[in-house]
Amino acid sequence: MRALLLVDIQNDFMPFGALPVTDGDAVVAVANQLAPRFGLVIATQDWHPADHGSFASAHPGRAPGDVIPLGGVDQVLWPDHCVQGMPGASFHSALAVGAIDHVVRKGTDPAIDSYSAFFDNGHQKDTGLSAYCRTHGVDELVVLGLATDYCVKYTVLDGAGLGFGITVIEDGCRAVDLEEGDGARAFDEMRAAGARVLAHADFV
Ligand code: VGL
Ligand code: ZN
């Protein structure tokens with residue numbers, strides 16, 4: 001069975017948010033169009049404690065965009081974003097949340113980030129998503145959301161590595177693009193890992 005996986009469609013990743021993704025709000029309509037075509041819809045939320053180690057503010061003298069070691073892996077530092085329970089962590093108000101069957105919250109451990117919906121960035125802890133999918137008979141995931149070059153990419157790479165069939169809806173994703181071309185390169189990496197990349201109009 002296939003499920004739709006909506007990645008981090010949260011206020012702080014919208015153009016008006018704390019970690020703005022250009023045109024990030026364009027993914028909401030794509031999510032709302034596709035959701036009714038799925039028997040199971042899963043959504044992730046980036047869900048950080050206020051002192052999360054991925055926040056530049058947690059490291060005196062550091063600024064967003066700096067890279068430091070965190071939890072044994074290289075970590076890009078970000079502005080404070082998606083703090084648990086704050087408005088920035090909520091789903092975009094136009095997202096059809098009634099269609100969502102299951103929410104996965106990630107990035108809760110202050111000592112390590114979790115871009116992927118499956119594992120933290122050091123691949124030490126499992127979020128429980130793969131077990132949830134297996135329990136519900138899900139072997140195919142259709143993925144869209146924010147951001148292409150971080151949480152979408154690592155979710156897709158981990159999902160493919162776990163053996164799920166993965167389709168990424170290209171026009172349902174937008175990139176941070178810290179470096180120009182990061183989003184396009186992320187799609188190349190996802191394809192190389194075996195993911196299908198499709199426009200939502202071509203998805204059947
Ligand atoms: C994300 C940067 C930091 C994402 C989350 O959802 O892609 N990016 N936290
Ligand atoms: Zn985050």
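**View 1. D177, a partly exposed residue in a loop of the predicted model.** In this predicted model, D177 counts as partly exposed, because its relative accessibility of 36% falls between the limit of under 20% for buried residues and that of over 50% for exposed ones. The residue is found in the loop that lies between strand β7 (165-174) and helix α4 (182-192). Its backbone deserves a careful look as well, since phi of D177 is near 55 degrees, which is a positive value in a residue other than glycine.

**View 2. D8, a buried residue with a positive phi.** Although D8 is not a glycine, its phi is positive, at about 50 degrees. The residue sits in the loop between β1 (2-7) and α1 (26-34). Is D8 buried or exposed? With a relative accessible area of 0%, D8 is buried, because that value is under the 20% limit that defines the term.

**View 3. The cis peptide bond between L146 and A147.** The peptide bond that joins L146 and A147 is cis, and its omega is about -15 degrees. Of these two residues, A147 lies in the loop between β6 (140-146) and α3 (148-161).

**View 4. The hairpin formed by strands β3 and β4.** Strand β3 (residues 67-70) and strand β4 (residues 73-76) run antiparallel, and four bridges join them. Within this pairing, I68 stands opposite Q75 of β4. Two residues lie between the strands of the hairpin, in which G71 takes a positive phi near 60 degrees. Which residues of β3 belong to its covered face, and which to its uncovered one? The covered face of β3 holds I68 and L70, whereas V67 and P69 belong to the uncovered face.

**View 5. The zinc ion (ligand 2) and its protein donors.** Three residues of the protein provide donors to the zinc ion (ligand 2), namely D46 through OD, H48 through NE2 and H81 through NE2, and these donors lie 2.0 to 2.2 Å from the ion. Along the sequence, the donor residues follow the spacing D-x1-H-x32-H. Both D46 and H48 are buried. Why is the arrangement of the four donor atoms around the zinc ion (ligand 2) irregular? The angles that the four donor atoms subtend range from 87 to 171 degrees, and the arrangement is therefore irregular; a tetrahedral one would need all angles to lie between 85 and 135 degrees.

Notes
Residues are numbered from 1 along each chain as its sequence is written. Chains are lettered from A and ligands numbered from 1 in the order in which they are written. This is a predicted model: local features need pLDDT of at least 70, side-chain atom pairs count only at pLDDT 80 or more; totals for chains, interfaces and linings use all residues. Side-chain values use heavy atoms; hydrogens and water are left out. Buried means under 20% relative accessible area, exposed over 50%, partly exposed in between (1.4 Å probe, protein chains only). Two strands pair if DSSP finds at least two bridges between them. Donors are N, O and S atoms within 2.8 Å of the metal (3.2 Å for Na, K and Ca); water is not among the atoms, so sites may look incomplete. Four donors count as tetrahedral if all angles lie between 85 and 135 degrees; four count as square planar and six as octahedral if opposite donors are over 155 degrees apart and all others between 65 and 115; anything else is irregular.
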